[in-house]
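Colleague: I have this model open and would like to talk it through before I go back to the bench. Could you take me around it?

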Amino acid sequence: MAVKEIKKAAVLGAGVMGATIAAHLANVGLPVFLLDIVPPELTAEEAKKGLTLQSPAVRNRLAAAGKEALLQQKPAPLYRKAFADLITPGNFEDNMEWLKESDWIIEVVVENMAIKKKVYQNVEQHWTPGTIVSSNTSGLSINEMVSENSVEFRRHFLGTHFFNPPRYMKLLEVIPCADTAAEVLKYMHRFCERVLGKGVVFAKDTPNFIANRIGTYAMVYTMKLMEQEGLTIEEVDAITGPPMGHPKSASFRTLDLVGLDTFCHVAKTCADKAADPAEKAAMELPAFISAMLEKKMLGDKAKGGFYKKVKGEGGSEIYALDYRTMEYKPREKVRFDILRKTRDAGLAKGFKMLIESDEKAGLFAWKLTRNLLLYTAGLLGEIAGDIVNVDRALKWGFNWQAGPFESWDAIGLRESVARMKQEGEKIPALVEAMLATGAESFYKEDEKGAVTYYDIFAKGYQPVPISPETISLPALKKQNRLVKGNDDASLIDLGDGVVCLEMHTMRQAITPVFTQFIFEALHETEKNFAGMVIGNQEGNFCVGANVGLVMMAAQGGEWEMLAGAVKEFQDALMAIKYSRIPVVAAPYQMTLGGGMEICLHCDRIHAAAETYMGQVEMGVGLLPGGGGNKELLIRYTEGIPDDMNVDLLPYVQKAFEAIAMARVATSAREAQEFKFMRPTDKVTVNQDFLIHDAKRTVLAMLMEGYEPPRPKPIRVLGEAGLAAFKVGLQTMRWGEHISDHDMKIAMEIAFVLCGGRIKPNSLVSEQYLLDIEREAFLRLCGEPKTHERITAILTTGKPLRN
């Protein structure tokens with residue numbers, strides 16, 4: 001059976017979820033129809049304008065409002081605001097014919113089965129055979145909602161449950177109905193993974209599917225266990241966050257973000273649909289949650305939930321709810337010795353230490369973990385076909401570092417089962433059967449990095465499904481593909497003549513050791529390979545220099561050493577720029593300061609869509625010191641013919657604003673808009689494929705016949721431009737829009753971008769700009785107010801305006 005290629009989509013329902021799904025489809029270049037109901041009455045404003053219920057502006061109001069809201073939401077659902085132009089608002093009465101033009105129809109209407117059935121009967125009347133149709137339901141029966149539709153319609157129907165917010169959350173649960181064609185499932189798996197950038201898991205048609213069902217149980221049990229053990233909300237969040245491999249928002253802060261009413265709706269669905277009386281009881285919420293609902297203590301959207309920000313004379317303070325009294329009190333600092341001991345032990349070792357502790361925090365973590373593991377194992381076969389889909393659902397849906405079965409391995413499968421039995425717990429039969437075969441863990445990794453999982457039903461280990469387009473750098477190292485390396489960096493053979501220069505410094509900060517390794521890596525690559533990718537697979541690409549070390553060197557008077565380090569970094573990046581081989585940067589997540597400078601000097605950038613790129617040195621009282629000023633000047637002025645009498649000031653001002661305002665692009669597409677990336681640079685939506693795609697970009701450049709760039713002189717504004725910047729900055733200072741130190745830094749930035757105090761329209765070399773940039777950087781390093789800014793960032797994580 002042939003499946004239509006998705007080139008245009010329609011989203012039915014323009015609420016928050018429907019509109020943000022439409023936004024993400026627009027993010028990847030798909031035109032989208034966004035439809036909603038026709039409003040039953042006019043608003044006062046519409047009546048005042050003389051509109052009627054027949055006016056298109058009225059009839060499309062809800063969909064248009066959903067589209068408009070996308071431009072105001074934070075975090076931004078769109079990669080660029082301009083992408084909203086791909087979304088066309090309409091309504092269910094006038095525009096259902098648009099469905100005939102759509103290749104994918106996504107239903108996102110209210111979670112009411114009767115309404116959904118009615119929608120699908122209407123959709124089929126306007127449906128073109130072959131068009132894929134899906135529901136974004138978070139837990140209603142996929143089979144039931146299309147039970148009155150034709151078999152051919154059902155062959156093209158499935159559930160596609162996006163997690164909120166769709167742009168940022170990796171998980172997409174795909175739920176086939178009984179008649180979904182295998183070809184449709186295969187196509188949607190590939191499309192959602194490759195085009196939308198999602199982590200696809202296959203769930204069975206059971207209430208709340210995988211992630212919400214397990215996550216809801218875990219949250220409800222956390223609440224009940226907190227009451228039983230007499231812990232506070234702050235104590236529970238201290239335990240259930242990073243020490244257990246969960247986000248910093250832990251349990252209750254997460255609920256404040258999600259909204260208590262939303263969570264309770266999901267919990268009610270679980271309880272109502274549960275066939276097992278024990279599970280139904282397990283999903284019943286404690287009494288204090290009902291009290292919170294009555295008092296509208298719903299979380300952030302209600303300005304208070306489990307936590308509340310209270311303004312006082314000294315500024316805002318966070319209060320926490322005392323669920324016993326239902327009163328807020330100042331948040332208390334939690335002190336558990338075991339949490340301090342596990343902090344630097346790493347997740348697997350630290351988690352095991354935690355649940356083996358007999359301290360209050362350890363006992364709480366053990367009981368919560370024990371019950372979650374037993375509950376999850378008991379659902380295997382019912383909600384999913386294997387442990388991999390379950391683990392991925394929890395990791396991708398809730399940002400857990402390890403799924404339930406991976407966590408079970410971390411604490412020791414046999415020994416933890418023995419402890420559970422000792423405590424009187426019943427072990428699920430599938431787990432008992434697995435242990436009886438002699439298996440010691442749910443997952444195994446061989447000496448070459450290949451991972452297998454235990455298939456509970458086949459009673460043996462199977463390879464973990466992974467796309468051939470996913471490259472694992474740790475696995476390559478285990479396959480003896482390490483060319484050379486040290487504690488801070490590695491050069492890894494990716495195959496086909498391409499290597500990867502990997503940074504693995506602490507927190508991905510640039511160090512002198514990494515800088516020196518750049519020269520070694522380039523020499524090795526030019527000698528024995530054809531091209532290079534610069535990338536890694538840590539939390540961020542690179543957060544820039546270690547400013548703490550910079551400040552220590554400056555305060556210690558180590559000026560020669562500091563100047564040498566900056567010069568070496570500049571030289572390393574110039575070596576990248578003018579090397580004989582193509583070099584492609586593969587940034588993702590935070591790519592700041594020196595991390596952005598690395599990218600700017602590469603031949604191409606192949607970025608993950610979620611790349612947050614900017615020159616943020618202004619926040620620590622500095623300017624870019626690795627050639628960032630120079631490269632942005634080139635980007636903003638390139639394309640202007642040398643023989644044209646063009647005023648450079650507006651172009652240079654754009655570069656100045658990007659640096660002086662510490663502007664950060666919030667996506668790779670926005671980075672292109674800001675000229676941090678060129679139009680020829682590439683974007684990969686699914687970060688899992690980034691190294692593979694960057695390697696492919698290197699190979700494409702080689703096939704095209706790569707030629708290294710040649711140095712060109714750069715035209716600068718000189719003294720005339722510097723004078724113009726000084727006037728503008730002095731005006732801002734008089735208006736108290738900037739501080740004296742802001743002005744000092746800004747003038748140094750302007751000095752570099754204008755080429756210093758030289759004749760207007762002079763031509764200068766890149767090295768000249770690097771030299772004056774380095775001198776400006778060192779001057780600012782000696783400023784006490786710069787030290788104050790660096791100290792503030794290091795101690796509070798927040799920039800200081802002084």
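**Charges, cores and odd spots**

Modeller: Gladly, and please keep in mind that this is a predicted model. To begin with charge, the chain carries 94 positive and 102 negative side chains, and the centres of these two sets lie 1 Å apart.

Colleague: OK, and what does the chain span along its principal axes?

Modeller: The C-alpha trace spans about 85 × 70 × 65 Å along those axes. The radius of gyration is 29 Å, which agrees with the value near 28 Å that a compact globule of 802 residues would have.

Colleague: How many helices and strands are there?

Modeller: The chain has 34 helices and 28 strands. Among contacts with a separation of 6 or more, 69% are between residues 24 or more positions apart.

Colleague: And what share of the residues is buried?

Modeller: Buried residues account for 54% of the 802 in the chain. The accessible surface comes to about 34800 Å², and carbon and sulfur atoms contribute 53% of that area.

Colleague: Let's go inside, then. Which residues have the most contacts in the largest nonpolar core?

Modeller: Those are L25, W104, L501, M532 and F676, in a core that has 144 residues. Its largest share, nine residues, is supplied by helix α32, which covers residues 740–753. Apart from this core lies another one of 109 residues, which includes M145, I233, L255 and I355. As a general point, nonpolar side chains tend to be buried together in soluble globular proteins.

Colleague: Pick L25 for me. What is L25 in contact with, beyond its neighbours within four places in sequence?

Modeller: With those neighbours left aside, L25 is in contact with A9, V11, L30, V32, W104, I106 and L196. W104 is itself one of the residues with the most contacts inside the largest core.

Colleague: Switching to helices: how many of the ten residues of α27 are buried?

Modeller: Ten of the ten, from 628 to 637, so helix α27 is largely enclosed by the rest of the structure. The buried residues of α27 include L632, L633 and I634, and also K630, E631 and R635, whose names may catch your eye in such a list.

Colleague: What do they pack against?

Modeller: The buried residues of α27 pack against helices α25 (559–577), α26 (594–600), α28 (649–660), α32 and α33 (766–781), and also against strand β27 (714–716). The α32 in that list is the helix that supplies nine residues to the largest nonpolar core. After α27 comes G639, with a positive phi near 95 degrees.

Colleague: I also had S135 marked. Where does S135 sit, and is S135 buried or exposed?

Modeller: S135 belongs to strand β5, residues 132–135, and S135 is buried, with a relative accessible area of 0%. Not counting residues up to four places away in sequence, S135 touches E107, K116, Y120, I142, M145, F157, L158, G159, T160 and H161. M145 in that group is also part of the core of 109 residues.

Colleague: And how far is S135 from A655 in space?

Modeller: Their C-alpha atoms are 45 Å apart, and 520 residues separate S135 and A655 in sequence.

Colleague: What about D85, buried or exposed?

Modeller: D85 counts as exposed, because its relative accessibility is 64% and the cut-off for exposed is over 50%. D85 lies in the loop between α4 (61–69) and β3 (87–91). That loop also holds P75, and a cis peptide bond joins K74 and P75, with omega about -5 degrees.

Colleague: Which other peptide bond is cis, around N164?

Modeller: The bond from N164 to P165 is cis, with omega near 0 degrees, and P165 is in the loop between β6 (157–162) and β7 (171–176). In general, most peptide bonds are trans, and most residues other than glycine have a negative phi.

Colleague: On phi, then: what is the value at K296, and what is it at Q589?

Modeller: K296, although not a glycine, has a positive phi of about 60 degrees, and Q589 has a positive phi near 50 degrees. K296 is found in the loop between α14 (287–294) and β9 (307–312) and counts as exposed at 59% relative accessibility. Q589 is in strand β22, residues 589–592, and is partly exposed, with a relative accessible area of 25%.

Notes
Residues numbered from 1 in each chain as written. Predicted model: local features only at pLDDT ≥ 70, side-chain atom pairs only at ≥ 80, totals over all residues. Heavy atoms only, no water. Helix = DSSP H or I, 4+ residues; strand = E, 2+ residues; numbered from the N terminus. Rg over C-alpha atoms; globule rule 2.2 N^0.38 Å. Buried < 20%, exposed > 50% of the residue type's maximum accessible area, 1.4 Å probe, protein only. Contact = heavy atoms within 4.5 Å. Areas by Shrake-Rupley, 256 points an atom, 1.4 Å probe, with all protein chains shown as cover. Lys, Arg positive; Asp, Glu negative; His and termini not counted. Charge placed at Lys NZ, Arg CZ, Asp CG, Glu CD. Core = buried A, V, L, I, M, F, W, Y, C linked by side-chain atoms within 4.5 Å.
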